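User: Hi! Could you walk me through this one? I'd like to chat about the folds, the contact and anything odd in the backbone.

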Amino acid sequence: MTAVLTIAGYGFREAVRRKVFAVVIVLTAVFLFLFWLANHFVFDQLGTIAPPSDVHVDTRTFAGAFLLGLAMFATLFLGVVLAVFLTLGVVSGDAERGLLQPLVVRPVGRATLLLSRFLGAAAVCIVYVLAVYGIALGITDATGHWTPPAVVAPGLELAGGVVIVIALSLLGSVVLSSTANGIAVFMLFGAGLVAGLLGTIGHALNSHTIKHASTIAAWALPFEALYQDGLRLISGSATGLTGFLLQLGPFGGAYVHGWPIRIWAAGYLVIALLVAVLAFSRRDL
Amino acid sequence: MPQALAVRGLEKRYGAVQALKGVDLAVEEGELVGLLGPNGAGKSTLVKIAAGLVRPTRGRAEIAGSPAGSPAARACLGYLAELFRFPGWYSADEVLALHQRLARSDGGAAERKRLLELVALADATDRRVDGMSKGMQQRLGVAQALVGNPPVLLLDEPTSALDPVGRRTVRLLLEELRERGVSVLLNSHLLSEIELVCDRVAILLGGEVVAAGSPGELSQPRGIELETDEGVREIPGASREDAPRLVAEAVAAGRKVYGVRVLTSTLEETYLEAVGGETS
């Protein structure tokens, strides 16, 4: 346990010194300010939005779910940025710089070393994601008097998505250089987002092929599926035309959702970590 | 009692390059063994395999009877890598404290103070690594390797960045370690250093041990040097046993003899002969 805390603390201190946190905190502050501004003006002018009289649209729910969906996207993005910069060079990068070898020869074990770095990064990212998500919820509630029907589960799913990215980044760090790993993880993240949007378009167009491709992508990259499931949960109370309009937008929610994808995401995380540990145990340093 | 380091039939291949071709080497308890060889001879690969950083393609490496890289082997190992770095924002004391925790050493502040004194860094306890010269960082690396009093030390070029005073500090430290019964495998390009401190030397070339033995065993007789009133004269092929006869002959011939010296090849000459002047 001492070794785990020592290694996790080592990684944490490294991140502090490299100003990773400073960059993320500044970006987060900018985002939260802009998010508050958007909420303030949207909810302030909500009364001026007049949908046609023959349709019923719950504008407050629509605006609230849309804005919080936007906040969830930004939180996921910033969480992924933090996750990648905390972990992209854990193995190859540190080995190239000669930082890793003195640690690996200690009687700690490579698996413990890698899993400690995972736990350290995961702890930081979970706290970060939940904090930003919580503040975003608070802003929407304070400015628009709207809260989603599910509050806790979407935040946990967002954090879960970021934790999966951490595992993928650690796995990448075993086999790729830092730069290549950073590019690869961000491209995977982008691919997941595109696949999610594609699914939304596929359902709007009722295209079986696009829906099928999106479904495969959701299972292949479950961090995206968790995020989409979180979006689904915050717009769960929107019914009728309001719900339909939300589903047409980019924050409409998942078409692959519920416990099967959550269980798969947990299994995916374990598999990614096991492969990373196995690859690290066989890697020459 | 198992050997401190036992290497048998060790082979390592990196793609098309055969870095080690069946190396056998042993370091006995309390023995200081030097590893010599030109760049690319496989010295660092051998040390890395012993440290558990690199997996051998074939053969075995054991530290104190346990397979290299196993928890038991790592528990009794101190290692200084050829290319290493400590986080720049750590102080010397913090680097040692980190390694104490990882090595499960209960030496505390007293051990850290003693180690920093050993490598002449007592005045740099709170200095950050970023603010240290390369030589200071290398000495800190040596101190780090000694955390927890490991019975086996693997030192890969521990003096490459040191000035003559720093080299002397490390040399004295190695001699002290030998007196304390610590086994050391020392990989160095500095032949004079190896010759001064090592009990045995192994010369690697192209991934194979081409010569091994004590510095004395590796030195070859080169003749006798006789200094008389006619000047200095070398008698090639003459041995130590020939010295009294040669002196007697010179005196009988009316020469004044001022000195006689048995000539042996230096480790450098033996090394150059073994590697054939090869470098890369």
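**Chatting through the model**

Analyst: Happy to! In chain A, 81% of the contacts with a separation of 6 or more are between residues 24 or more positions apart. Do keep in mind that this is a predicted model.

User: Good to know. How many helices and strands does chain A have?

Analyst: Chain A has 12 helices and zero strands. Reading along its sequence, the pattern is α-α-α-α-α-α-α-α-α-α-α-α.

User: And how does the radius of gyration of chain A sit against the globule rule?

Analyst: The radius of gyration is 20 Å, close to the 19 Å that the globule rule gives for 285 residues, so chain A is as compact as a globular protein of that length. Along the principal axes, its C-alpha atoms fill a box of roughly 75 × 40 × 30 Å.

User: What share of chain A is buried?

Analyst: Of its 285 residues, 49% count as buried.

User: Which elements of chain A have the highest and the lowest mean pLDDT?

Analyst: Helix α7 (residues 152-175) of chain A has the highest, at 96, and helix α11 (residues 240-248) of chain A the lowest, at 72. Chain A as a whole averages a pLDDT of 88, and 99% of the residues score at least 70. Where pLDDT is low, the predicted coordinates should not be read in detail.

User: Switching to the contact between the chains: how many residues does each one give?

Analyst: Chain A gives 21 residues and chain B gives 23. On the side of chain A that touches chain B, the elements giving two or more residues are α1 (2-17) and α5 (101-104) of chain A. The largest share of that side comes from α1(A), with six residues.

User: What's the chemistry on that side of chain A?

Analyst: The residues there divide into 10 nonpolar, five polar and six charged.

User: Now chain B. What do the buried residues of α3(B) pack against?

Analyst: They pack against α1 and α5 of chain A together with α4 and α5 of chain B. The buried residues in α3(B) are A92(B), V95(B), L96(B), L98(B), H99(B), Q100(B), L102(B) and A103(B).

User: Does-it-add-up check: what span should that helix have?

Analyst: At 1.5 Å a residue, the 12 residues of helix α3 (residues 92-103) of chain B should span 16 Å, and the end C-alpha atoms are 16 Å apart, which agrees. Just after α3(B), R104(B) takes a positive phi of about 55°.

User: Interesting. Why mention a positive phi?

Analyst: Because most residues other than glycine have a negative phi. A64(B) is another residue to look at, with a positive phi near 50°, and A120(B) has a positive phi near 60°.

User: Where do A64(B) and A120(B) sit?

Analyst: A64(B) is in the loop between β4 (58-63) and β5 (66-67) of chain B. A120(B) lies in the loop between α4 (108-118) and α5 (134-145) of chain B.

User: Is A64(B) buried or exposed? And what about A120(B)?

Analyst: A64(B) has 20 C-beta neighbours inside 10 Å, so it counts as buried. A120(B) has 19 C-beta neighbours inside 10 Å and therefore counts as partly exposed. The cut-off for buried is 20 or more.

User: Last one: what domains does the assignment give for chain B?

Analyst: Domain 1 (5-216) and domain 2 (221-264). The C-alpha centres of domain 1 of chain B and domain 2 of chain B lie 43 Å apart.

Notes:
Residues are numbered from 1 along each chain as its sequence is written. Chains are lettered from A and ligands numbered from 1 in the order in which they are written. This is a predicted model: local features need pLDDT of at least 70, side-chain atom pairs count only at pLDDT 80 or more; totals for chains, interfaces and linings use all residues. pLDDT is the predictor's confidence in each residue, from 0 to 100. Helices (H or I, at least four residues) and strands (E, at least two) are DSSP runs, numbered from the N terminus. Two residues are in contact if their C-beta atoms, placed from the backbone, lie within 7 Å. Ala, Val, Leu, Ile, Met, Phe, Trp, Tyr, Cys and Pro count as nonpolar, Asp, Glu, Lys and Arg as charged, and the others, Gly among them, as polar. A residue is buried if 20 or more other C-beta atoms lie within 10 Å of its own, exposed if 12 or fewer, and partly exposed in between; C-beta atoms are placed from the backbone. Domain bounds come from an automatic or database domain assignment. The expected span of a helix is 1.5 Å times one less than its number of residues. The radius of gyration is taken over C-alpha atoms; the globule rule is 2.2 Å times the number of residues to the power 0.38.
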